[in-house]
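Visitor: I have a structure to look at and some labels to question. Could you take me through the reasoning behind them?

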Amino acid sequence: MTITGNSYISRANVNLSLKAQNKRTPEYVDVLIKRRIERLTSENSTVWTSPDRNRREYAHRFFQYPAMMVPIVQKNVIDIIKQINPTIQKVIDPFMGSATSLVACMQNGLNCYGQDINPLSLLIGKTRTGPYYVKAIREKYKELISDIENDKSRVIEAKFKSRNKWFKNNVSIELSRIVRAIRQEPRLAIRRFYWVNLAEIVRITSNDRTSTFKMHARALDEIEKRNLSPIVEFKTHLLQSIEDLELYRQLLLKSNQLSKGSYKGEIQFSLQDSSKKIITRNNSNNFYDLLVTSPPYGDNKTTVTYGQYSYLPLQWIDLCDIDIKANNDSLRTTSEIDSRSLGGKVKKLNFDELNSLYNKSQSFKDVHEKLKSIVPDKADKVVVFLKDLFQVVEKVFEVMKPNSYQVWTIGNRTVGGIEIPNNEILKDFILSKGGILVTKIEREIINKRMAKKNNSSVLMTTEDILIFRKGGK
Ligand SMILES: C[S@@+](CC[C@H](N)C(=O)[O-])C[C@H]1O[C@@H](n2cnc3c(N)ncnc32)[C@H](O)[C@@H]1O
């Protein structure tokens, strides 16, 4: 595990900043953050790998979203930044996924804003961040289950092409009984909690293989032999989630972040392409004090197909319960969400566009040269992904306050045997916008279920947590 800064925080700068101790210049604050992270690393060598983490904490098990970050790792970084900058209030995650970083921010009382292109991400986020009506949910459990068990209808609620390929008939019938019972619940927050649990049950009872993120049906004989009852699975999973929700409620209660079962701070999620816009209140610039995020490491199709992975669960959920902007357009095909994601639309960049990216990052230019000569057919995809990532960086810089901090967790991958240095390229992009690298933590990825290898892409087993400050006034 290593921690490095860039030349910006050289020894000379450290000494200079030490003299300015009482002035709390932004440079001095950078030094404090870097030092605190170094201290934590030297006190506990596994602090960033966190091998003994508790997966129940932070309501982390409702739905197994791909590439979930480790809440406690994010929390350690956030705690340090917040302790050194107590005035920080508003945090944004433009690739919120299952909202791990925002959930980790809640114990610090931050106002949390998240966006993602995948409706399932919003559903998980909205459920993990409360309100925490645990008592009501516990009381209603029996009623919900008896509604499900007393429903003898064989009408199937999900209507989409090839449903019979992905679900056995008896599985569809049971899932439909759960859907109808959920619809009877009048409170939206409770319905969402049920939906997210149903999503996990759809994932494990469909004919899709759970070993890959891409949709890939099991062999027919295996499907024949499988005898899972969605109702039985739902009953067990729901009980486990209720206990996890209670655990997280207690954690928030202890840190005095709850009022009548709801988070005291602000929580807002948007279904939004982050390369087009980062949402703020009244469209104001300079809005956020902190960014904590983990972007995809390449286009979804060759890395993690978040969209395909979510396609079947979303077919069974009333999308209007997730968000006003969620609708069936995102389920037009199994790859619609993936094509809307970063790098999802392959096109050739023109000369000027390419040169402009080269000027932002020498690492990008170097790797593009290699790709063009060794795997020319794969080069365009990588370029489009990185161009989209740069657009997100541009949008991010519009909405972050001067001297605010950004925590980016990012890993490299290889394409056709060539390593794509996402970490270096992202760093170059951010420096090109006037950002300053404060420090870098390299962490091993343990237990992170990643698509280690598919046809064209390999993901690494380490990733970097890069901490930047937006320079300027
Ligand atoms: C690495 S995951 C985030 C995982 C998250 N940190 C967690 O712990 O669950 C990346 C996320 O970026 C989202 N994404 C991809 N392209 C996007 C875009 N253009 N705008 C917004 N979100 C996007 C994906 O849907 C996915 O949820």
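**Labels and reasons**

Guide: Start with Ser-162, which sits in the loop between H6 and H7. Keep in mind that this is a predicted model.

Visitor: What makes Ser-162 count as exposed?

Guide: A residue is exposed if 12 or fewer other C-beta atoms lie within 10 Å of its own. Ser-162 has 10 such neighbours, so it counts as exposed. Its backbone also deserves a look: phi is near 65°, a positive value in a residue other than glycine.

Visitor: Why is Asn-283 called exposed?

Guide: By the count of C-beta neighbours inside 10 Å: Asn-283 has 9, so the label is exposed. Its phi is positive too, about 55°, although Asn-283 is not a glycine. Asn-283 lies in the loop between strand S6 (267–271) and strand S7 (288–293).

Visitor: What makes the bond between Gly-130 and Pro-131 a cis peptide bond?

Guide: Its omega is about 5°. Pro-131 is in the loop between H5 and helix H6 (134–150).

Visitor: How do you know that helix H12 is largely enclosed by the rest of the structure?

Guide: Buried requires 20 or more other C-beta atoms within 10 Å. In H12, residues 306–315, 10 of the 10 residues are buried, so the helix is largely enclosed. Tyr-306, Tyr-309 and Tyr-311 are among them. The cover includes helix H5 (119–128), helix H7 (163–166), helix H9 (188–205) and helix H13 (336–340).

Visitor: Why is S3 described as mostly covered?

Guide: 6 of its 6 residues are buried. Asn-111, Tyr-113 and Gln-115 point one way, while Cys-112, Gly-114 and Asp-116 point the other way. In a regular strand the side chains alternate between the two faces of the sheet.

Visitor: How do you know that strand S2 pairs with S3?

Guide: Pairing takes at least two bridges between the strands. Here 4 bridges join S2 (residues 90–93) to S3, and the strands run parallel. Asp-93 stands opposite Gly-114 in S3.

Visitor: Which residues are closest to the ligand?

Guide: Phe-95, Gly-97, Ser-98, Thr-100 and Ser-341, out of 23 that surround the ligand. Helix H4 (100–106) and strand S3 (111–116) each give two or more residues to this shell. By class, the shell has 10 nonpolar, 11 polar and 2 charged residues.

Visitor: What makes up the largest nonpolar core?

Guide: It has 110 residues, and Val-91, Cys-105, Leu-198, Ile-317 and Leu-386 touch the most other members. Helix H16 (residues 376–399) gives the largest share, 11 residues. Leaving out residues up to four places away in sequence, Ile-317 touches Leu-123, Trp-195, Leu-198, Ala-199 and Ile-322. Another core, of 7 residues, lies apart from the largest one; Ala-67, Ile-117, Tyr-309 and Ile-337 are among its members.

Visitor: How does the radius of gyration of the protein compare with that of a compact globule?

Guide: For 473 residues, a compact globule would have a radius of gyration near 23 Å. The protein has 23 Å, so the two agree. The C-alpha trace spans about 75 × 55 × 45 Å along its principal axes. Of the 473 residues, 46% count as buried.

Visitor: How many helices and strands does the protein have?

Guide: There are 17 helices and 13 strands. Of the contacts between residues at least 6 apart in sequence, 77% join residues at least 24 apart.

Technical notes. Residues numbered from 1 in each chain as written. Predicted model: local features only at pLDDT ≥ 70, side-chain atom pairs only at ≥ 80, totals over all residues. Contact = placed C-beta atoms within 7 Å. Near = placed C-beta within 6 Å. Nonpolar A, V, L, I, M, F, W, Y, C, P; charged D, E, K, R; others polar. Rg over C-alpha atoms; globule rule 2.2 N^0.38 Å. Core = buried A, V, L, I, M, F, W, Y, C linked by C-beta atoms within 7 Å.
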